[in-house]
Amino acid sequence: MNNLWYLVQNLFRKKEKELFFRKNTYVENWSQYVPIAGSVDLVTMTVPARCSMRLISFGNYSGTVAAWGTIYWEFFVDGSVIYPYNRIMDPLGYSGSRQGIQDVNISGGHTLIIRANNPTAAICGMGIILEWELSSFEEM
């Protein structure tokens, strides 16, 4: 009887493992030269399983001032464009003052791509700064 009681207690202890919610915030810079009439994926991130990602803020920049209004950035999740971040042609903040991003949440297993596009006839240095939050439930 004692062995049975011990087994039942262990079963309940295993089910009572505590889960806690963890949130971490990250800020990262990416830049690259984008070829003439070409595009480059500046960011490709797959959200880990059992996690979610929330984009907080974004700043874009170009080393070719004359290209503003022609060059553009796009956000994709699993190959689908995220509206209204599907054709960003204007400066949106900069590294010291990023612009807030609203309603972009990505669940675990999905992939975020941020693409820089250069339809001009010159090579352009393009980049971004991105702030995001990664949340997960973890066992103690």
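Let's start with a pairing of strands: strand 3 and strand 7 run antiparallel and are joined by 2 bridges. Within that pairing, Ser 57 sits opposite Gly 100 of strand 7. Everything here comes from a predicted model, so read each value as computed from that prediction.

## Strands and how they pair

Strand 7 has another partner too: 2 bridges connect strand 6 (residues 93–94) to strand 7, again antiparallel. Here Tyr 94 faces Ser 97 in strand 7.

Stepping back to the whole chain, you can count 1 helix and 10 strands. Walk along from the N terminus and the elements read α-β-β-β-β-β-β-β-β-β-β. In other words, the helix comes at the start of that order and the strands follow.

What holds strands together in a sheet? Strands of a sheet pair through backbone hydrogen bonds, and they can do that in parallel or antiparallel fashion. In this model, 4 strands make up an open sheet with antiparallel pairing, in the order 2-9-4-5. Which strands stand at the edges of this sheet? They are strand 2 and strand 5 (80–81); each has a single partner strand, so one side of each lacks a neighbour in the sheet.

Zoom in on one of those edges. Strand 4 and strand 5 run antiparallel, with 2 bridges between them. Val 77 has Ser 80 of strand 5 as its bridge partner.

## What's tucked inside

Of the chain's 140 residues, 36% count as buried. The largest nonpolar core has 30 residues, and the members that touch the most others are Met 53, Leu 55, Phe 58, Trp 73, Phe 75, Leu 112 and Leu 130. Several strands feed this core: strand 2 (38–46), strand 3 (51–62), strand 4 (72–77), strand 9 (111–118) and strand 10 (124–139) each give at least two residues. Which strand supplies the largest share? That's strand 10, with 6 residues.

If you're looking at the strands in the 3D view, keep one handy idea in mind: along a regular strand, side chains alternate between the two faces of the sheet.

Now for the cysteines. A disulfide is a covalent bond between the sulfur atoms of two cysteines. How many disulfides does a search of the whole structure find? The count is 0. Cys 51 is buried, at 16% relative accessible area, and Cys 124 is buried as well, at 0%.

## Charged pairs

Side chains with opposite charges can pair up when their charged atoms come close. This structure holds 4 salt bridges. Here are three of them, with the distance from N to O:

| Positive partner | Negative partner | N to O distance |
|---|---|---|
| Lys 23 | Glu 133 | 4.0 Å |
| Arg 115 | Asp 41 | 2.6 Å |
| Arg 98 | Glu 131 | 3.2 Å |

Take the salt bridge between Lys 23 and Glu 133 to begin with. It links distant parts of the chain, with Lys 23 in strand 1 (residues 19–34) and Glu 133 in strand 10, 110 residues apart. Is Glu 133 buried or exposed? Its relative accessibility is 11%, so Glu 133 counts as buried.

Next comes Arg 115 with Asp 41, whose closest N and O atoms are 2.6 Å apart. Arg 115 belongs to strand 9 and Asp 41 to strand 2, so this salt bridge ties together parts that lie 74 residues apart in sequence. Arg 115 is partly exposed, at 22% relative accessible area, and Asp 41 is partly exposed at 34%.

The salt bridge of Arg 98 and Glu 131 also connects distant parts of the chain: Arg 98 is in strand 7 (residues 97–100) and Glu 131 in strand 10, 33 residues apart. Arg 98 counts as partly exposed, with 28% relative accessibility, whereas Glu 131 is buried at 16%. Finally, salt bridges with shared partners join Lys 23, Arg 54 and Glu 133 into one network.

## Out on the surface

Not every nonpolar side chain is hidden away: Tyr 33, Ile 36 and Ile 123 make a nonpolar patch on the surface. Together they have about 370 Å² of accessible area. Where does Ile 36 have its place? Look in the loop between strand 1 and strand 2.

Note on methods: Residues are numbered from 1 along each chain as its sequence is written. This is a predicted model: local features need pLDDT of at least 70, side-chain atom pairs count only at pLDDT 80 or more; totals for chains, interfaces and linings use all residues. Side-chain values use heavy atoms; hydrogens and water are left out. A nonpolar core is a set of buried Ala, Val, Leu, Ile, Met, Phe, Trp, Tyr and Cys residues joined through side-chain atoms within 4.5 Å. Buried means under 20% relative accessible area, exposed over 50%, partly exposed in between (1.4 Å probe, protein chains only). Two strands pair if DSSP finds at least two bridges between them. A disulfide is a pair of cysteine sulfur atoms within 2.5 Å. Patches are made of residues with over 30% relative accessible area and no salt bridge: like charges are joined within 9 Å, nonpolar side chains (Val, Leu, Ile, Met, Phe, Trp, Tyr) within 5 Å. Accessible areas come from the Shrake-Rupley method with a 1.4 Å probe; for residues, only the protein chains shown count as cover.
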